[in-house]
Each structure stands twice: as C-alpha cells, then as structure tokens.
Amino acid sequence: MAEMGSKGVTAGKIASNVQKKLTRAQEKVLQKLGKADETKDEQFEQCVQNFNKQLTEGTRLQKDLRTYLASVKAMHEASKKLSECLQEVYEPEWPGRDEANKIAENNDLLWMDYHQKLVDQALLTMDTYLGQFPDIKSRIAKRGRKLVDYDSARHHYESLQTAKKKDEAKIAKAEEELIKAQKVFEEMNVDLQEELPSLWNSRVGFYVNTFQSIAGLEENFHKEMSKLNQNLNDVLVSLEKQHGSNTFTVKAQPRKKTKLFSRLRRKKNSDSAPDKGNKSPSPPPDGSPAATPEIRVNHEPEPAGGASPGATIPKSPSQSSLPAVVVETFSATVNGAVEGSSGTGRLDLPPGFMFKVQAQHDYTATDTDELQLKAGDVVLVIPFQNPEEQDEGWLMGVKESDWNQHKELEKCRGVFPENFTERVQ
C-alpha cells in the first residue's frame, strides 16, 4: 500500500509539472501575441546581460590560462631535453661537469615549481571563480519560469474578477495561487537582485589578483632562471679558456670558380704570346712605362680657350698592342676616377668604391688573389670588373691602409670572405 501511495504521489507530481509547463507555454504565446502583458524589470535584465558577459570573459580567460600552462609544460620538456643533451656531450674530463649537471637539475626543479605555482595560484582560483556561475545561471532561468507563473496567475485572477458571472470560490482560489506565485518569484528575484551586481563588481578584483599572481610568478621565475643561466655561462667560459685551441672558428664559403687573378694572368699571357711565325717584338714586361700607361687627372682651372679639364690619357705607340685585359683594366680605372659610381670625383677612395667593411675575425689568404685580414682591418669594397667572376659569399676590395699608402689598385686589391666582416659604412 505504501508503494502504491508513493507511486501515486510521484504520478501526481509529474502531472502537476506537466500542467505547469503547458500553462507557461500558453502564457508566453499570449505575451508574444500581445494578448497578455508581461512583467518587465529593466534593471534586472541589465544585470543578466552583465552576468552573461562576465561568464563569457571568464570562460575565455580560463581557456587561455590553460593554454599558457600547457605552453609552460612544453617549454619545461624542451628545456629538460636541451639540458640532457648538454650533459651527454659534456665529456667527463672537462672541467665544470658536476656544476653543469647541478645547474641542469636546478633548472628542472625551477620549471616544475613555476608550473605548480601557476596551477595553485591562478588556475585553481580561476576554476573557483567560474564555479559559481552555473548555479546562478540556473537560478536566473528558474526566476524566469516563476515570473511566467506569476504573470499567468495574475491574468487568471484578473479574468475571474472581470467575468460577468463571478464564482467567488474560484476567485478566492485564484487569489491564493497568485499570492503564492508572487511570493516565490519575489524571493528569488530579491536574492538575484543582490547577488548579480555584487558578482559583476567582483570581476575587477579577480582580474587584478589573477594577473598579479601570474606576473609575480613569471618575474620571479625569470630572475631565478637568469641566475642559473649566468652560472652555466660561467662554467662554459671556464671550459673555453682551458680548451681555447679547440674553439670553433668562422669559415669562409668555398670558392667554386677559378681564382680571379690566376684567370687574368692566363688571359694576359695568352694575349701577350707572339705567334710562331711572327718576328715582331713582344710587349714590354709589366711595370715598364709602356706596359702600364700613366693616368693623370688635371684639376687646374679650365683655360680660356674652353678646353675641358679631366683625365688626360697619353697616347702610346704601344697601347694598341697591349693585352686586352690590361686595356680593359686601364679603361675601368679611368672611368672609375672620372666617372665612378659612388666614388665619383673622390681621389681618397678607389674607383667604383661602394662601402666599407671591418674584419671581425682574422683571415689567412689561401691564394694570391685573396686579401690577408686581421680583426679590425677596414676594407674598401669595390665591384668586380666582370660580375661573373664573383663567387657567392665573396667580395672584392682593398684594405684602407694599403690604399692610403700606395693608391695602386692593381697591387692592393683582392677578394675576401664576406662573413668575416661587418659593414660599417
């Protein structure tokens, strides 16, 4: 009998809930059609809008914080792998091995501590903050349903009062139901009217505390990590001093083409060699007046006759018999001195001067057409006469000290690796 009674109560409750849902649905339809008025509370609606905005912002912050923590975890793993790699390559006989291992161990502990504190002081606080939203959201929805019940009871009571044939018993019952519905609604409404503004205002303090915690933890982490990195740097500097001969050196890119000046010399010798049947005398050797025509640049004022000053190229009977490469070099030198690009009209710079570089490392020349460099040497960069002669990673130039002393491009110029230098002008 007790079991049947329990089932009867349950069935009755279900039927009551179904009836409430039908009544609410009917009331909402009438309100939408304008056939029934709806109780409005603009202040509460604004609170609900703020609540939804606050929930959206908090959910996003929680998601981004979890992403941040995942990144910290990934960086921890990457740092750990890097430290393990150093421990593996650090040979047992090298000084500072124990110190390096201890630094790696402290590095690992520091990452773990940082991650755990972020979880405790930021993520868990974030979870607690967001944990109150589902309950309030559920209560807001319930308040909405109770408001519909109140409006429905009010309309039912009003319709009975305005009926032509009044039934006092029904009116009394309807009034009783109206008072009950109003009481339930107002109790929920008052509680939410107090909680929602308070929750909205709490966001400022929460954001401040959360980001202050993250910033403080990150600042302290980087301070401690900086100390460990400095200690590791000291260990490696000590290792480098004791094994200086094994220091990694900068290397020049290999030159794949035939050496420039060797090619020029072969071309010169080929052009200078007389035919077997030719009895005419060979050109004078390099260095003779006929082999290298003199170049003079006249800087005196223009004569009254209007003759134009400039480069005076003396005609030499033997000039037509010079090798083609010498004539080409001679022509380029004249054009560089008189019509050069960025070095136009500047006798303190070589013809065609483009920019200056300074050697950052010593470079030992491996061929006669290369410049020997010492760290600190300044080189005046000039273009290749034939761009096809230039190898990748190599420049043509003359050391500034040699140029200032000799002013002879052919004797001083040479190629050098670009990665051994740094542009300074």
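## Helix α2 and its two partners

In this predicted model, helix α2 meets helix α3 (residues 97-131) with the two axes coming within 10 Å and crossing at roughly 170°. With an angle over 145° counting as roughly antiparallel, α2 is therefore roughly antiparallel to α3. If you sort the residues of that contact by type, you get 18 nonpolar, 11 polar and six charged.

Helix α2 (residues 42-89) also packs against helix α5 (residues 168-242), this time at an angle of about 15° and with the axes 10 Å apart. An angle under 35° counts as roughly parallel, so α2 and α5 are roughly parallel to each other. The way α2 passes α5 is a left-handed crossing. Sorting this contact the same way gives 18 nonpolar, seven polar and four charged residues.

## Salt bridges along the helices

How many salt bridges does the model have? The count comes to 14. One of them sits in helix α2, where lysine 53 and glutamate 57 pair up with their closest N and O atoms 2.6 Å apart. These two residues are four apart in α2, so about one helical turn separates them. Are they buried or exposed? Neither, quite: lysine 53 is partly exposed, with a relative accessible area of 43%, and glutamate 57 is partly exposed too, at 29%.

Helix α5 has a salt bridge of its own, between the side chains of glutamate 224 and lysine 227, at 3.7 Å from N to O. Here the partners are three residues apart in α5, again about one turn of the helix. Glutamate 224 is partly exposed, its relative accessible area being 31%.

## A mixed pair and a small network

Glutamate 410 and arginine 413 also meet through their side chains, in a salt bridge of 3.5 Å from N to O. What is the surface exposure of each partner? Glutamate 410 has a relative accessible area of 44% and is partly exposed. Arginine 413 comes in at 7%, and the cut-off for buried is under 20%, so arginine 413 is buried.

Elsewhere, salt bridges with shared partners tie three residues into one network: Asp135, Arg139 and Glu195.

## The five-stranded sheet

Now for the strands. The model has an open sheet of five strands, in the order β6-β5-β4-β3-β7, and the pairing is antiparallel. Which strands sit at the edges? They are β6 (414-417) and β7, each of which pairs on one side only. On average, neighbouring strands in this sheet are turned by 50° against each other, ignoring direction.

Walk through the pairings and you can trace that order. Strand β5 (residues 394-399) and β4 run antiparallel and are joined by four bridges, with valine 379 having lysine 399 in β5 as its bridge partner. Strand β4 (residues 378-382) is in turn joined to β3 by four bridges, also antiparallel. In that pairing, phenylalanine 355 has valine 381 in β4 as its bridge partner. Then β3 pairs with β7 (residues 421-423), antiparallel again, over three bridges; valine 357 is the residue standing opposite arginine 423 in β7.

## Burial in β3 and β4

How well covered is strand β3 (residues 355-359)? It is mostly covered, with four of its five residues buried.

In the neighbouring strand β4, isoleucine 382 is a good residue to look up. Its relative accessibility is 3%, and because buried means under 20%, isoleucine 382 counts as buried. To place isoleucine 382 in the fold, find leucine 349: the two are 33 residues apart along the chain, and their C-alpha atoms are separated by 9.9 Å.

Definitions and conventions. Residues numbered from 1 in each chain as written. Predicted model: local features only at pLDDT ≥ 70, side-chain atom pairs only at ≥ 80, totals over all residues. Heavy atoms only, no water. Axes fitted to C-alpha atoms, helices over the stretch in contact; angles between N-to-C directions. Parallel < 35°, antiparallel > 145°, perpendicular 65-115°, else oblique. Left-handed = near helix turned anticlockwise from the far one by under 90°. Nonpolar A, V, L, I, M, F, W, Y, C, P; charged D, E, K, R; others polar. Salt bridge = Lys/Arg side-chain N within 4 Å of Asp/Glu carboxyl O. Buried < 20%, exposed > 50% of the residue type's maximum accessible area, 1.4 Å probe, protein only. Pairing = 2+ DSSP bridges.
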